[in-house]
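Dear colleague,

Please find below the structure that I am handing over to you. My notes on it follow directly after.

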Amino acid sequence: MALNIPSLRSSKNASGEKLLSGLGFREAKTSPEKSRDEKINGILLIVLRIIIIINAAVMFFPAFNPARISAMIGKNLSLFTCGISYDSLVQSFGRAFMKGWVSEGTFRFLFASCLIYIISAAVTVAGGCMSLGNNKLKRLALKLSAGGGAGGVLSMIGVYAAYQMVSGTSNPDKIQPALPGSFAFYVIASIAVAALSAVTLMRLPQTEKGDKYEIEDKYSLFLMLLPILLLTFLFSYLPLFGWRYAFYDYKAGESLTAESFVGFKWFTQLFQNSATKKDILRVIKNTLAMSGMGILTSWVPMMFAVLLSEIKNNRFRRFVQTFTTIPNFISWVLVYAIALAIFSTDGFVNTMLTSLGNPTDTNYLMSSSHMWLKMLAWGLWKSLGWNAIIYMAAISGIDQGLYEAATVDGAGRFAKMWYITIPELIPTYMVLLLMSVANILTNGMDQYLVFSNPVNKNAIEVLDLYVYNLGIGNGLIPLSTVIGMVKSVISVILLFAANGISKLIRGESIV
């Protein structure tokens, strides 16, 4: 019997199309094509979202602050800061208010205008997010965006009115009124948001009775992820812009100019200056020693979680878990206060020894002996319960059938722990170990800063604390930036090296 090969192929292709369509990778061929109006509305919404994003982002940049209507307003203030902190806005105007050069009411009005813009921007951002929904949600979103755009125009009118009032000052040489060039951008952007929202709203079809507000799952998940992405960008990637200070002879309060550009001067000084090299070798030794001990004891939270899971009394187990987790939420300043109350000259230890007939006035916190072990002990005490939580979660996900089968085979509690619980936790442990290796040069600063003193400084100063002391304490911001850059590059290299070794040995990777 002859086979109809083209028919089989077309059948397979149709099945593949249906599978891809069902998984969301490709639209089904049976779905109707978008009409011309729908395509235009889609383009208008994309343009509107882009303008909303730009409009909301620029208010965080001091260079685009339309509220800086006087040279006495700090040039490092953004529109956002002017709208949430009145004290920062009028910080330099104390004498001007007393002399009557400008009215304090003018700046209260300016502050209110900036606040209105921030609220309007928040409303437009909410509208932009909601515009990803169905037709009914889009219409509501566009109404919000139009209102937010109108609010932005209103706030800029307020800023201009405040500028006119400041321009009438009796001492223009001191006040130096000026309307920033970014003012026109904010006006145009706000009008564009309001106009585009109104036009798109008129073009959208009316909703039918009974329609509900709906949004596709993929957009819901994206909006849930969006705050995390924004926070990651703001706190992990945007600060990389500060690396430019490594190429300038910069001092705090000055501006970066072509005259202050020094190229790789600070990079060469890092490796050529003998005193700097000696300090760096010392702090790297402290850093590697403390991080190394942390890695060597990284199994402790895992074993603590295993033992904790073996407690059959639920009330007692919850008490132990809570009691060991609470220290994580105590700041290092309070931890040092506890240490001071116990180990200072007139602390609990010395008081107890004196009452037992062995008077002493030793200040244990001023000693530099065994400093690495002391920091390790304080760190374990503070983070043990918190670090065990992820292992407790992993234990709860282990298939209980494994334990039942082991019980049938005659395995005891320790055999189950050794042959089931711990092997099931090894993948989680390896991921955390890889992250620890990548962060081997990052110990944090707060713990070592509060326990640091002139006696133990040489033994306790780690790389992060050294960068802080160098940049903030000594004012060598470019050199501290160079050290931070080198540390970041080495950490990335260590992460990929550890990941490569894990992939080679275990066949698994996290990157």
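I begin with a single residue, His370, which counts as exposed because its relative accessibility is 60%. Please bear in mind that the model is a predicted one. His370 sits in the loop that lies between helix H16 (348–355) and helix H17 (371–396). Its phi is near 55°, a positive value in a residue other than glycine.

Gln176 shows a positive phi as well, of about 50°, although Gln176 is not a glycine. The residue belongs to the loop between helix H8 (172–175) and helix H9 (182–203). With a relative accessible area of 45%, Gln176 is partly exposed.

Gln176 is also one of the residues touched by Ser70, whose other contacts, not counting residues up to four places away in sequence, are Phe93, Ile175, Pro177 and Ala178. Ser70 itself is placed in the loop between helix H2 (36–57) and helix H3 (79–84). Is Ser70 buried or exposed? Its relative accessibility is 2%, so Ser70 counts as buried. The side chain of Ser70 reaches the backbone oxygen of Ile175 at a distance of 2.5 Å.

Three helix pairs

I turn next to the packing of helices. Two packed helices are described by the angle between their axes and the distance between the axes.

The first pair to consider is helix H7 (residues 135–167) with H9, which pack at an angle of about 155° with their axes 8 Å apart. That angle makes H7 roughly antiparallel to H9, since angles over 145 degrees are counted in that way. H7 passes H9 in a left-handed crossing. On the H7 side, the residues that meet H9 include Leu142, Ala146, Gly149, Val153, Met156 and Tyr160. On the H9 side, the residues include Phe183, Val187, Ser190, Ala194 and Leu201. By class, the residues of the contact of H7 with H9 divide into 14 nonpolar, 6 polar and 2 charged.

Another pair is formed by helix H22 (residues 463–473) and helix H23 (residues 477–506), whose axes lie 8 Å apart and which pack at an angle of about 160°. H22 and H23 are therefore roughly antiparallel to each other. H22 passes H23 in a left-handed crossing. From H22, the residues Leu463, Asp464, Tyr466, Val467, Leu470 and Gly471 meet Ile477, Leu479, Ser480, Ile483 and Lys487 of H23. This contact of H22 with H23 has 7 nonpolar, 2 polar and 2 charged residues.

How do the axes of helix H13 (residues 299–309) and helix H19 (residues 413–438) cross, and within what distance do they come? They cross at roughly 140° and come within 11 Å. H13 and H19 are therefore oblique to each other. Their crossing is right-handed. H13 contributes Trp299, Met302, Met303, Val306 and Leu307 to the contact, while H19 contributes Met417, Thr421, Ile422, Leu425 and Tyr429. By class, the contact of H13 with H19 has 9 nonpolar, 1 polar and no charged residues.

Thr421, which lies in helix H19, merits a separate note. At 2% relative accessibility, Thr421 counts as buried. Leaving aside its neighbours within four places in sequence, Thr421 is in contact with Val306, Ile395, Ile398, Tyr403 and Lys416.

Ends of a helix

Helix H18 (residues 400–408) is capped at its N-terminal end by Asp399, a side-chain oxygen of which lies 3.0 Å from the backbone nitrogen of Gly401. H18 is followed by Gly410, whose phi is positive, near 90°.

Separations across the model

Two pairs of residues give an impression of distances in space. Ile505 is found in helix H23 and is exposed, with a relative accessible area of 67%. The C-alpha atoms of Ile505 and Leu132 are separated by 45 Å, and the two residues are 373 residues apart along the chain. Ala126 has its place in helix H6 (residues 104–130) and is partly exposed, with a relative accessible area of 35%. From C-alpha to C-alpha, Ala126 and Ala246 are 39 Å apart in space, and they are 120 residues apart in sequence.

With kind regards

Note on methods
Residues are numbered from 1 along each chain as its sequence is written. This is a predicted model: local features need pLDDT of at least 70, side-chain atom pairs count only at pLDDT 80 or more; totals for chains, interfaces and linings use all residues. Side-chain values use heavy atoms; hydrogens and water are left out. Axes are lines fitted to C-alpha atoms, for helices over the stretch in contact, and angles run from 0 to 180 degrees between N-to-C directions. Helices (H or I, at least four residues) and strands (E, at least two) are DSSP runs, numbered from the N terminus. Angles under 35 degrees count as roughly parallel, over 145 as roughly antiparallel, 65 to 115 as roughly perpendicular and the rest as oblique. A crossing is left-handed if the near helix is turned anticlockwise from the far one by less than a right angle, and right-handed if clockwise. Contact means heavy atoms within 4.5 Å. Ala, Val, Leu, Ile, Met, Phe, Trp, Tyr, Cys and Pro count as nonpolar, Asp, Glu, Lys and Arg as charged, and the others, Gly among them, as polar. Buried means under 20% relative accessible area, exposed over 50%, partly exposed in between (1.4 Å probe, protein chains only). A polar contact is a pair of N or O atoms within 3.5 Å; within protein, one must be able to donate a hydrogen and the other to accept it, and residues adjacent in sequence count only if both atoms are side-chain atoms.
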